[in-house]
Amino acid sequence: MAVEPPALQVLRWDEPPDGPVLVLLDQTRLPAAETELVCTDVPALVRAIQTLAVRGAPLLGIAGAYGVALAAARGYDVDEAAELLEGARPTAVNLGYGVRLAAEAYRTAVEKGGTEGEAAAAALAAARELHRTDAAGSARMARLGLGLLDELLPGGSLRILTHCNTGALVSGGAGTAFAVALAAHRAGRLRQLWVDETRPLLQGSRLTAYEAARNGMPYSLLADNAAGSLFAAGEVDAVLIGADRIAADGSVANKVGSYPLAVLAKYHHVPFVVVAPGTTVDLGSPDGASIEVEQRPGREVTEVTAPPLPGAAAAARMSVAPPGTRAYNPAFDVTPPELVTAIVTEEGVLSPVTGDGLVELCARSRQV
Ligand code: MRU
């Protein structure tokens with residue numbers, strides 16, 4: 001039996017003598033170095049979110065909640081901190097969810113006449129609870145997702161294609177889509193994990209390949225634009241991806257490059273499965289067009305960046321376009337519900353994907 005690697009310490013709360021801090025595994029430095037980034041205040045955490053040192057929808061929610069707890073524990077204005085955190089990135093709805101959850105816990109404690117210390121403790125307890133819930137949800141999604149694959153593709157070994165990074169690096173547990181692939185691996189059902197490199201920031205090659213290697217999974221990396229020929233060669237049995245926001249009609253915003261995979265999957269009659277916690281569903285966004293897609297700096301496309309080697313102060317950047325080149329760099333794209341075979345949350349599997357079904361699924365898991 002395969003030995004499980006030690007759990008990744010992606011994010012932790014610490015209380016050294018000079019005050020509480022949030023310690024992050026700096027994902028911009030992976031896979032070259034496992035370096036911790038210590039956030040002593042909210043602006044530092046906002047920078048970490050914007051540079052993608054901490055990233056992925058569920059983890060953004062957890063980080064946002066701890067961010068509010070950090071502000072409260074250090075005596076900063078919690079409303080101001082919550083606003084800064086919630087605005088750090090626009091697409092992943094989990095970020096606002098986590099921030100509101102902790103801020104609400106803080107306010108309720110104040111309204112009940114609690115001291116500043118008691119209110120800060122309430123915010124921290126809410127962040128810890130979200131962290132724990134996310135880990136438990138992750139395990140449930142893995143089980144439900146594997147069950148779905150068993151139904152859709154009974155028997156035989158699976159060749160799964162995934163995009164971006166959806167593993168332990170984005171979660172309190174094993175993640176979302178990656179957790180399903182890992183469960184398939186542990187059940188002896190994974191023949192191959194195809195890892196899209198995920199240009200421009202390489203979450204696939206830097207992070208998913210890193211997690212696949214740690215877990216001893218059979219994987220190969222491909223350039224994003226090689227996916228078409230892979231489908232055409234009949235080498236993909238299922239696509240598994242995560243989500244940053246799922247609109248009320250079942251439209252799915254996820255890392256840019258997900259939508260082309262959904263189109264390919266439809267054409268080649270391959271299941272396209274989205275795995276995400278209930279907190280990623282945003283019934284306030286009626287459809288895909290209403291989801292704000294983050295636009296990132298053009299230099300992420302006009303330059304290639306190598307993660308810094310251990311000891312190096314900064315990443316090595318090299319221009320791959322003539323000076324002055326403008327770039328189109330949306331961080332996410334939106335896949336319409338008719339291209340999605342199923343949505344797996346911790347509460348169940350929705351297939352076919354419909355607005356009514358989504359409302360029903362959400363009603364089982366929502367807290368705020
Ligand atoms: O820009 P990132 O790296 O934060 O984007 C992350 C993704 O798109 C993930 O696929 C998504 O958050 C789902 S993670 C469970």
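This passage describes the overall fold, one helix, the ligand shell and an annotated residue of a predicted model. Local features are restricted to pLDDT of at least 70 and side-chain atom pairs to pLDDT 80 or more, while totals for chains, interfaces and linings use all residues. Residues are numbered from 1 along each chain as its sequence is written.

The protein chain contains eleven helices and 16 strands. Helices (H or I, at least four residues) and strands (E, at least two) are DSSP runs, numbered from the N terminus. The radius of gyration, taken over C-alpha atoms, is 20 Å, close to the 21 Å that the globule rule gives for 368 residues, so the chain is as compact as a globular protein of that length. That rule is 2.2 Å times the number of residues to the power 0.38. Along the principal axes, the C-alpha atoms fill a box of roughly 65 × 50 × 45 Å. Of the 368 residues, 50% count as buried. A buried residue has 20 or more other C-beta atoms within 10 Å of its own, an exposed one 12 or fewer, and a partly exposed one a number in between; C-beta atoms are placed from the backbone. Among contacts with a separation of 6 or more, 74% join residues 24 or more positions apart. Contact requires C-beta atoms, placed from the backbone, to lie within 7 Å.

Helix α6 (residues 177-186) is mostly covered, with nine of its ten residues buried. Among them are Phe 178, Val 180, Leu 182 and His 185. The covering elements include helices α5 (116-152) and α7 (203-214). Strands β4 (158-162), β5 (190-196), β7 (238-241) and β10 (272-275) are also included in this cover. Gly 188 follows α6 and has a positive phi, near 75°.

The ligand is surrounded by 18 residues, of which Arg 55, Ala 57, Cys 164, Gly 242 and Lys 255 come nearest. A residue counts as near if its C-beta atom, placed from the backbone, lies within 6 Å of the molecule. Helix α2 (57-73) and strand β9 (252-255) each give two or more residues to this shell. The shell divides into eight nonpolar, seven polar and three charged residues. Here Ala, Val, Leu, Ile, Met, Phe, Trp, Tyr, Cys and Pro count as nonpolar, Asp, Glu, Lys and Arg as charged, and the others, Gly among them, as polar.

An unreviewed UniProt entry places the feature "active site" at Asp 244. UniProt annotations may be inferred rather than shown by experiment. Asp 244 lies in the loop between β7 and β8 (245-247). Asp 244 is buried, with 30 other C-beta atoms within 10 Å. Beyond its neighbours within four places in sequence, Asp 244 contacts Ala 57, Thr 91, Ala 92, Ala 253, Asn 254, Thr 280 and Phe 332.

Terms used
Two residues are in contact if their C-beta atoms, placed from the backbone, lie within 7 Å.
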